[in-house]
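Welcome, and please get your viewer ready. We will go from one selection to the next and look at what is there.

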Amino acid sequence: MIVNGSQQALDLCARLLVDPGGGVVVENPGYRMAHHAFEAYGAQLLCADVDAHGLVTEQLGKLGPAKLAYVTPTHQFPLGSFLPIARRRQLLDWAAEQRAWIIEDDYDSEYRYAVRPEATLQSLDTRGCVIHVGTFSKTLSPQMRMGYMVLPPALVQPFADAKRVTDRHAATAVQRALARLLEDGSYDRHVRRIRRLQQARQRALVDALGRHLGDEVEVQGAASGLHVVAWFRAVPAAAESALIDAARHQGVRVHPISPLFHPSKAALTSTRSAGLVMGYALLDVDTIEDGVRRLSKALLHLRRKASSHHH
Ligand SMILES: Cc1ncc(COP(=O)(O)O)c(C=O)c1O
């Protein structure tokens, strides 16, 4: 089904699959725009942690009953891991036990650099419980609002009905134009071209972070996607907003990772470092280099300020 961006897919899932007070398993940290859609329909979010291999599936059994799980297995948002096959099977087994649906948000799988394409969760699903969601926001434009859902057979009719009463259908002129690009191969050529472009930008970013900040930062999630997470080893999470302010003073706008954690888990922040979610999709290589240089200056200023407070 063609939808107006993945956000509409998530909204329709929330509307049709969330009962007020019902549990929905989500990743923490995770894509809060999805969580908000579920909460808008009364969901109780059940947060599972994310480690270097994505959702920690061992925790699923302890989270309580749920009829829905929302995951980003191809490229965990925001930490960037690929969910290994064993964990995919654990997730599917859990869903079978709970008789739960799983939303597989495949928002940027076009941008794979260091990993080979793997089976989607939906292709491993033998019970018809996985809803696969994709978007053209990352390859064409988020302003277009073009996304799609690959629905299990049992959900096709209810979702088609819900979509019809919501907004009848996605604008057909845009669908027709997109269909032309897909049919004549120009969309594939476009994706191959921008994948190389984005990979070069990512390399420039990771490279610049290494040169200007060295051991100060640890970069996570560079195997695919359009962003990386930079952890500032010596800066505590509590100083994240001070780091962002210092960066703004140097003329760079960067985004904190803290808002991507569920507020109920905020107490855990005391143990982690400050993190930035760094997107590079709209920046050229020179701007990236300049921005990272400014960011390293910001860190220096932050240090000086902190040490003058101490003395
Ligand atoms: C996890 C995730 N899903 C989906 C999207 C795309 O949303 P939409 O298709 O509504 O533009 C994004 C964009 O930032 C995202 O990060």
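Before the first stop, one convention on handedness: a crossing is left-handed if the near helix is turned anticlockwise from the far one by less than a right angle, and right-handed if clockwise. Helices (H or I, at least four residues) and strands (E, at least two) are DSSP runs, numbered from the N terminus. This is a predicted model, in which local features need pLDDT of at least 70, side-chain atom pairs count only at pLDDT 80 or more, and totals for chains, interfaces and linings use all residues. Residues are numbered from 1 along each chain as its sequence is written.

**Stop 1: helix 1 against helix 5**

Select helix 1 and helix 5 together. Their crossing is right-handed. The two pack at an angle of about 115 degrees, and their axes are 11 Å apart; axes are lines fitted to C-alpha atoms, for helices over the stretch in contact, and angles run from 0 to 180 degrees between N-to-C directions. Helix 1 is therefore roughly perpendicular to helix 5. The cut-offs are under 35 degrees for roughly parallel, over 145 for roughly antiparallel, 65 to 115 for roughly perpendicular, and oblique for the rest.

Now show the side chains where they meet: L12, R15 and L16 from helix 1, with P158, F159, A162 and K163 from helix 5. Contact here means that the C-beta atoms, placed from the backbone, lie within 7 Å. The residues of this contact divide into five nonpolar, no polar and two charged. Ala, Val, Leu, Ile, Met, Phe, Trp, Tyr, Cys and Pro count as nonpolar, Asp, Glu, Lys and Arg as charged, and the others, Gly among them, as polar.

**Stop 2: along helix 5**

Keep helix 5 (residues 153-167) and hide its partner. Its 15 residues reach 22 Å from first C-alpha to last, close to the 21 Å expected at 1.5 Å a residue; the expected span is 1.5 Å times one less than the number of residues. Which residues of helix 5 are buried? Colour L155, F159 and K163, which are buried, that is, with 20 or more other C-beta atoms within 10 Å of their own (12 or fewer is exposed, in between is partly exposed, and C-beta atoms are placed from the backbone). An α-helix has 3.6 residues a turn, so residues three or four places apart point the same way. Bring back the cover over these buried residues, which includes strand 1 (2-3), helix 1 (5-17), strand 7 (130-135) and strand 8 (147-150). Just after helix 5 comes R168, with a positive phi near 65 degrees.

**Stop 3: helix 1 against helix 2**

Return to helix 1 and add helix 2 (residues 32-40): the angle is about 30 degrees and the axes are 8 Å apart. That makes helix 1 roughly parallel to helix 2. Q7, L10, D11 and A14 of helix 1 make the contact with M33, A34, A37, F38 and A40 of helix 2. By class, that contact has seven nonpolar, one polar and one charged residues.

**Stop 4: L55 and S264**

Centre on L55, in strand 4 (residues 54-55). Why does L55 count as buried? Because 27 C-beta neighbours lie inside 10 Å. Beyond four places in sequence, L55 touches E27, A48, V50, V71, L83 and R87. L83 is 28 residues away along the chain, with the two C-alpha atoms separated by 7.0 Å.

Then jump to S264, in the loop between strand 11 (255-256) and strand 12 (273-279). S264 is exposed, with 10 other C-beta atoms within 10 Å.

Key
Contact = placed C-beta atoms within 7 Å.
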